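Colleague: Before I trust the labels on this fold, I want the reasoning behind them. Can we go through them one by one?

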Amino acid sequence: MTSATPQIFAVSGPLPSTNPRHTTIPLIEHAVELTGRERPQITYIATGTGDHPAHIDSFHRALAHRDDVTTSHLSLFTQPNVPDVREHLLAQDAVWVGGGSVVNLMAVWRAHGIPELLRECWEAGVVLAGQSAGSLCWHLGGPTDSFGDALDTVTDTLGWLPFSNGVHDNFPEQPRREVYRAAVATGLVPAGYASEDGVGLHYVGTELREVVTVVEGACGWWVEPDGQGAWREERLEARLLGD
């Protein structure tokens, strides 16, 4: 795999309310490994939470034990924290996009011209990765709690991956599984991939290459309309990271 191969690693980070023993750190480290670099640089984008300082600090702490990895972050509130956003992003080997509101994330990104810059990074071989909103953003749409826990379906995300995306597919506190499959069945969003908590979808170009997980037994799902107003699905086994 050459350094210019476009890659996206789209993750449903494990949520503490599900199991506090599971963390996103091995998934972040997997994104770092996908770069193929000996001393990779990775930047964190926390737009989905309004660049909340606690989330930014948490990301830096997550990789603090790796002296071979250089971390940074890109903030957009109240103005970019770097003098040249394009230069900063293109200097990275990987970008990790945090969770939060995908609706707000897309609005702020578009105001700052971030989609065009990230597209340039993707085509140059920078690994684009992220969790929750940072997974959904690369796809054609899917369920979001940006407006409320009852969930709505967003359809104006970046769409570089020609699939819909359901994140936190097995999260017990919201009807994500049901809402996603209903959206696929009715054609609100096209066929696509769902990921349970702790699962990451690795795309090379626009094709799914591998499903990985930090939660034993968790998996991904391929969901498509059945042509009769309902849906059908295929379970995608996930490789447990660390095995």
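Modeller: Start with a pair of strands in this predicted model. β12 and strand β13 (residues 231-236) run antiparallel and are joined by six bridges.

Colleague: What makes β12 and β13 a pair?

Modeller: Pairing takes at least two bridges between two strands. β12 and β13 have six bridges, so by the cut-off of at least two they pair. One contact point is P225, whose bridge partner in β13 is W231.

Colleague: What do β12 and β13 form, and what sits in the turn?

Modeller: They form a hairpin, with five residues between the two strands. G227 lies in the turn and has a positive phi of about 85°.

Colleague: Which strand pairs with strand β12 (residues 220-225) over four bridges?

Modeller: Strand β9 (residues 192-195) does, in the antiparallel sense. There, A194 stands opposite W221 in β12.

Colleague: Now the open sheet. What is its strand order?

Modeller: It has eight strands, ordered β3-β2-β4-β5-β1-β10-β11-β14, and the pairing is mixed.

Colleague: Why are β3 and β14 said to stand at the edges?

Modeller: Each has a single partner strand, so one side of each is left without a neighbour in the sheet. β14 covers 239-240.

Colleague: How do you know that β4 pairs with β2 and with β5?

Modeller: Count the bridges. Four join strand β2 (residues 41-45) to β4, and the two run parallel. β4 and strand β5 (residues 127-131) also pair in the parallel sense, over four bridges. The cut-off is at least two. On the β2 side, T43 stands opposite V95 in β4. On the β5 side, A94 has V127 as its bridge partner, and V97 stands opposite G130.

Colleague: Which way do the side chains of β4 point?

Modeller: A94 and W96 point one way from strand β4 (residues 94-97), and V95 and V97 point the other way. All are buried. In a regular strand the side chains alternate between the two faces of the sheet.

Colleague: Why is V82 called buried?

Modeller: Buried means under 20% relative accessible area. V82 has 16%, so the label holds. V82 is found in the loop between β3 (70-74) and α3 (85-90). V82 touches L74 and H88, leaving aside residues up to four places away in sequence.

Colleague: How much of the whole protein counts as buried?

Modeller: Of its 243 residues, 54%. The protein exposes about 10,600 Å², and carbon and sulfur atoms supply 49% of that.

Colleague: What makes the protein as compact as a globular one of its length?

Modeller: First, the inventory: the protein has seven helices and 14 strands. Its radius of gyration is 17 Å, and the globule rule gives 18 Å for 243 residues. The two values are close, so the protein is as compact as a globular protein of that length. Its C-alpha atoms fill a box of roughly 50 × 40 × 35 Å along the principal axes.

Colleague: How many of the contacts join residues at least 24 apart?

Modeller: The share is 68%, among contacts between residues at least 6 apart in sequence.

Colleague: How many positive and negative side chains are there?

Modeller: There are 15 positive and 31 negative side chains. The centres of the two sets lie 2 Å apart.

Definitions and conventions. Residues numbered from 1 in each chain as written. Predicted model: local features only at pLDDT ≥ 70, side-chain atom pairs only at ≥ 80, totals over all residues. Heavy atoms only, no water. Rg over C-alpha atoms; globule rule 2.2 N^0.38 Å. Buried < 20%, exposed > 50% of the residue type's maximum accessible area, 1.4 Å probe, protein only. Contact = heavy atoms within 4.5 Å. Areas by Shrake-Rupley, 256 points an atom, 1.4 Å probe, with all protein chains shown as cover. Lys, Arg positive; Asp, Glu negative; His and termini not counted. Charge placed at Lys NZ, Arg CZ, Asp CG, Glu CD.
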